[in-house]
Protein chains: 2
Amino acid sequence: MKKLLMFLCLVSFCVNAQSEDEKQLRNIYDAALTQGKAYDWLNYLSNQIGGRLSGSVQAEQAVEYTKTQLDSMGLDRVWLQPVMVPKWVRGTPEFAYFESTPGVTTNVPICALGGSVATKPGGLKANIVEVQGIEDLVALGREKIEGKIVFFNRPFDQTLISTFEAYSGCVDQRYSGAAEAGKYGAAGMIVRSMSSRLDDLPHTGAMSYGETPIQNRIPAAAISTKGAELLSTTLKLNPEIKFYFKQNCEQLEDVKSFNVIGEITGSTYPNEIMVVGGHLDSWDLGDGSHDDGAGCVQSMDVLRLLKVSGYKPQRTIRVVLFMNEENGLRGGNEYAKVAKEKNENHVFALESDAGGFTPRGFSFDCSAANFEKIQGWKNLFEPYLIHMFVKGGSGADIGPLKNPDILLAGLRPDSQRYFDHHHAANDTFEHVNKRELELGAAAMASLVYLVDKYGVVPVKKIKR
Amino acid sequence: MKKLLMFLCLVSFCVNAQSEDEKQLRNIYDAALTQGKAYDWLNYLSNQIGGRLSGSVQAEQAVEYTKTQLDSMGLDRVWLQPVMVPKWVRGTPEFAYFESTPGVTTNVPICALGGSVATKPGGLKANIVEVQGIEDLVALGREKIEGKIVFFNRPFDQTLISTFEAYSGCVDQRYSGAAEAGKYGAAGMIVRSMSSRLDDLPHTGAMSYGETPIQNRIPAAAISTKGAELLSTTLKLNPEIKFYFKQNCEQLEDVKSFNVIGEITGSTYPNEIMVVGGHLDSWDLGDGSHDDGAGCVQSMDVLRLLKVSGYKPQRTIRVVLFMNEENGLRGGNEYAKVAKEKNENHVFALESDAGGFTPRGFSFDCSAANFEKIQGWKNLFEPYLIHMFVKGGSGADIGPLKNPDILLAGLRPDSQRYFDHHHAANDTFEHVNKRELELGAAAMASLVYLVDKYGVVPVKKIKR
């Protein structure tokens, strides 16, 4: 009888907890969808400030604006964390054409890759050799590459349902193409834009010269997908065409910038820190609405939604707007470094950096025990059409916080349209839907609430 | 031992069937994402033809174009099914303003509702009374309504996750508002546009005067959501403002049009018919890309994808492009009527009429036994992020086919952006994403394949 009573009490506790959680999630979603601030903040970031390349005036304006907004939210603490960031500048607009016969030219849309060197002031004109990836360079050898422009043209695999997987399968061309082609004496490199679409917009993005000495670095640019198709077709008809491009981008001295941070101090475990964040910098071609203005304003709204919905967190909840994800990850690294120096105990971090589209779920980088625990919350998210709880990556900026105990997570929105806009001139405010953005903020706040309420499972320290 | 062997054989059969199905779905998706034709067809329908209001030249062009395309697909049979459809025309652009003080006017965007009568040639000017729904009319009574324009202004409930639910909660105002307000002597009616967004676009849509005699019908128009907000605010400041609007739409005589039909004859059960379809007509303000060009081209591609992926259906698979869903449902009714007359055995029908967005799942209108059977296929769809298999409606055009045996289904795409475009001038091609559209076609073809392969569960006929 006593056992039965205990069992009934336990059942009743579980049912009550569940219905309390249901109510709290409903409150969070109602607040996000009727009094969310994410969309207004994004409007300002995108339309009043614009693209926020690290080291730019706009990046500093964004630091100031978001700090002011956090200050107005009645948080327990708001501060700026200094960090030195690279300052790469695009310079005057890039220009490119190919020449089928001398004097007969066709313009194609290009943009310099972030971190690339400039061409010589008069531009670079050379024969072109098309490859489907870095692995093709070996087969061609120096003889067929030297003095030419290498054109990396492996497209996205459209059969992959996640466009991020398609991106992962191509982006080595953009990131390492110039360094690798340079080893064979290439004079320059052009890469097909990392995009799911056929259109006229070039997509920029980070590249690295690796260990290449400065004097051996070759200029690198992205060409629009339609430009790439045209170039490839023309090359098949006439392999002797010349390609010309001109860009005068430049890597300047590092400058000082900031991570923007605000927190609600935990009522019970103030020393257990939960981070929610996105990155405040963006590329310069669009206004960085999806990448990653969306993630910043959603993260800011997570703290506001918890307050508005009347929840008092047990743990310290900290919003971090990281500086310089795109071309350096300096903000993410600095944040983790300072956290370590201060011996801060980070138990959870969640990043939104995959666009402001309808949220489909989360990916988790965590222990099996924590993943199992999280699976138990899936049914709470079902009414909100959140269905993907997967093991996988989290976010670039929170990656440096990784340790065996921490639970890292990333918001996973619908990915179909992300690479239509990613790093291109059309990553702009009008392509973000208000409700989709707000649903993302609500999903994030809901997860933060649950992790705060139920805690994470500590990993047993193994004695060595 | 014998039992064990039988069990092992059964397990092996199930596993093989499962992996054969996995392979077939993969083939369908690969074909849709790399050689789908839906997007090209939609481009033609939207950009070469445009809005396809029943009875319009464009609707007839769409009949001709889609028939030609079906003819070119190597189907077993393609034909046109005649149907008389209503012909309502908008006439010259509508015009509206409100007058705060005599001579001081503010223009607001409106459009006539489909089926509305015109105002008198000089337009209608009257005082305005705002209500939050039809139920408010009783409380106001004839005294406060007579001679005035009734302004229905209940907005979408933004807390609902499905925008279709929000639409359902408001659309009675648009559909029946004029008939109901007319009973109290109203001179006209204006309804807040059925939209999730705040913007300047009026959204048209069907309305009905019910039993109202012709001479008592009052003109009805939709006002943009921002117009509605402005009007409501102004009314609070000054309830005596006058509202003016002018429209010269007209209901003409019915004209002849067609359902466009094509089929692959079943190899084993040619008399069991499976329908997949959308509606070819649209409203006239945009080009009808989401509503329902998308559903038409997806349905056409279902038959092509099955062919391309090498599947030979056992049952007859029929694509039906229904005419006149928007303002009459004549095509759907005619199709069901003819099917009954011919004693055709329809076992399954699937409609896509909720936009060309990322598919999230299907809703089913069917017996419990069939729903249970379908649930067993859920895991096959998981790799494609199809997660919603719900009981509920299917589609307006296939509704008339309903009987206890048939399995009716509707594609359920992500709904967040649907009512940003629905029946408005921005329901246009550039708002349809190629991959999202193709994923919908692939999901539909996959369901058709599974239903064809495994059949539906017949309902036991109960003797009376």
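Modeller: Two strands pair if DSSP finds at least two bridges between them. This model is predicted.

Colleague: Why do you say that S5(A) and S9(A) pair?

Modeller: S5(A) and S9(A) share 4 bridges. The definition asks for at least two, so they count as paired. The sense is antiparallel. One bridge sets A:Asn127 against A:Lys242 in S9(A).

Colleague: What makes S2(A) a partner of S9(A)?

Modeller: Strand S2 (residues 95–101) of chain A and S9(A) are joined by 5 bridges, again with antiparallel pairing. At least two are needed, so this is a pair too. A:Glu99 stands opposite A:Lys242 in S9(A).

Colleague: Why is strand S9 (residues 242–246) of chain A called mostly covered?

Modeller: A residue is buried if 20 or more other C-beta atoms lie within 10 Å of its own. In S9(A), 4 of the 5 residues are buried.

Colleague: How do you know which strands stand at the edges of the sheet that holds S9(A)?

Modeller: Take the order first. This open sheet of 8 strands runs S3-S2-S9-S5-S6-S7-S8-S4 (chain A), with mixed pairing. Strand S3 (104–107) and strand S4 (110–112) of chain A each have a single partner strand. One side of each therefore lacks a neighbour in the sheet, and these are the edges. Neighbouring strands here are turned by 35 degrees against each other on average, direction ignored.

Colleague: In which sense do S5(A) and S6(A) pair, parallel or antiparallel?

Modeller: Parallel. Strand S5 (residues 124–131) and strand S6 (residues 149–152) of chain A have 4 bridges. A:Val129 stands opposite A:Val150 in S6(A). Helix H6 (residues 171–183) of chain A packs on this sheet. H6(A) touches S6, S7 and S8 of chain A, and its direction makes about 155 degrees with that of S7(A).

Colleague: Which strands are the edges of the sheet S1-S10-S12-S11-S13-S16-S14-S15 in chain A?

Modeller: That sheet is open, has 8 strands and mixed pairing. S1 and strand S15 (388–391) of chain A each have a single partner strand, so one side of each is left free of a neighbour in the sheet. The average turn between neighbouring strands is 20 degrees, direction ignored.

Colleague: How do you know that S14(A) and S16(A) pair?

Modeller: There are 6 bridges between strand S14 (residues 359–365) and strand S16 (residues 407–413) of chain A. At least two suffice, so the pair stands. The strands run antiparallel, and A:Ser363 stands opposite A:Gly410 in S16(A).

Colleague: What lies across S11(A)?

Modeller: Helix H8 (residues 289–308) of chain A lies across S10, S11, S12 and S13 of chain A, at about 150 degrees to S11(A). Helix H13 (residues 434–454) of chain A lies across S11, S12, S13, S14 and S16 of chain A, at about 160 degrees to S16(A).

Colleague: How do you know that the span of helix H9 (residues 330–341) of chain A agrees with what is expected?

Modeller: At 1.5 Å a residue, its 12 residues should span 16 Å, and the end C-alpha atoms are 16 Å apart. The two values agree. The buried residues of H9(A) include A:Arg330, A:Glu334 and A:Tyr335. Their cover includes S1, S10, S11 and S12 of chain A. Just after H9(A), A:Asn343 takes a positive phi of about 60 degrees.

Colleague: Why is the relation of chain B to chain A that of a two-fold axis?

Modeller: A turn of 180 degrees, with a shift of 0.0 Å along the axis, lays chain B on chain A with an RMSD of 0.0 Å. That is the relation of a two-fold axis. B:His387 comes closest to the axis among the residues of chain B, at 3.6 Å (C-alpha). Both copies use the same surface: 100% of the contact residues of chain B recur in chain A.

Colleague: What makes up the side of chain B that touches chain A?

Modeller: In chain B, 20 residues are in contact with 20 residues of chain A. Helix H1 (2–35) and helix H13 (434–454) of chain B each supply at least two residues of that side. H1(B) gives the most, with 4 residues. By class, the side has 6 nonpolar, 8 polar and 6 charged residues.

Colleague: What describes the packing of H2(B) and H13(B)?

Modeller: An angle and a distance: about 115 degrees, with the axes 9 Å apart. B:Ala38, B:Tyr39 and B:Leu42 in H2(B) meet B:Lys434, B:Leu437, B:Glu438 and B:Ala441 in H13(B). The contact has 5 nonpolar, no polar and 2 charged residues.

Terms used
Residues numbered from 1 in each chain as written. Chains lettered and ligands numbered in written order. Predicted model: local features only at pLDDT ≥ 70, side-chain atom pairs only at ≥ 80, totals over all residues. Contact = placed C-beta atoms within 7 Å. Nonpolar A, V, L, I, M, F, W, Y, C, P; charged D, E, K, R; others polar. Expected span 1.5 Å × (residues − 1). Buried ≥ 20, exposed ≤ 12 C-beta atoms within 10 Å, placed from the backbone. Axes fitted to C-alpha atoms, helices over the stretch in contact; angles between N-to-C directions. Least-squares fit on C-alpha atoms with pLDDT ≥ 70 in both.
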